[in-house]
Amino acid sequence: EKLIQHYESGMVIPLNNASALADAVIELKGNPDLAKTFSKNAKQKMQAIYSSEVMAKAYSAIYSAIIR
């Protein structure tokens, strides 16, 4: 699964496309609420995937599988 979803948790800009990058920067500068929404959504997604609780459960499952 992609960490950044276009217009959900950020903007996906094509490589080597300075014009698209400039457009995205201008859009975010002109729309701070959009930037805040991206930030909030990205934080929630990262916490859901990489929180200490989630990671501990994943490691525990790996260790359990190894010792069986």
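**Note on the predicted three-helix chain**

1. Read from one end of its sequence to the other, the chain follows the pattern α-α-α, and its secondary structure amounts to three helices and zero strands. The radius of gyration is 17 Å, well over the 11 Å that the globule rule gives for 68 residues, so the chain is more spread out than a compact globule. It should be kept in mind throughout that this is a predicted model.

2. As to overall dimensions, the C-alpha atoms fill a box of roughly 55 × 25 × 10 Å when this is taken along the principal axes. Buried residues account for 12% of the 68 residues in the chain, and the accessible surface comes to about 5,600 Å², with 60% of that surface belonging to carbon and sulfur atoms.

3. Where contacts join residues at least 6 apart in sequence, 46% of them link residues at least 24 apart. On the side of charge, the chain has 8 positive and 6 negative charges, and the mean positions of these two groups are 8 Å apart.

4. Ser 9 deserves a separate comment. This residue lies in the segment before α1, the helix that spans 18–30, and Ser 9 counts as buried because its relative accessible area is 6%, under the 20% cut-off.

5. Which residues is Ser 9 in contact with, leaving aside its neighbours within four places in sequence? They are Leu 3, Ile 4, Phe 38, Asn 41 and Ala 42. In addition, a polar atom of the Ser 9 side chain lies 3.0 Å from the backbone nitrogen of Gln 5.

Notes. Residues numbered from 1 in each chain as written. Predicted model: local features only at pLDDT ≥ 70, side-chain atom pairs only at ≥ 80, totals over all residues. Heavy atoms only, no water. Helix = DSSP H or I, 4+ residues; strand = E, 2+ residues; numbered from the N terminus. Rg over C-alpha atoms; globule rule 2.2 N^0.38 Å. Buried < 20%, exposed > 50% of the residue type's maximum accessible area, 1.4 Å probe, protein only. Contact = heavy atoms within 4.5 Å. Areas by Shrake-Rupley, 256 points an atom, 1.4 Å probe, with all protein chains shown as cover. Lys, Arg positive; Asp, Glu negative; His and termini not counted. Charge placed at Lys NZ, Arg CZ, Asp CG, Glu CD. Polar contact = N/O pair within 3.5 Å; in protein donor to acceptor, adjacent residues only side chain to side chain.
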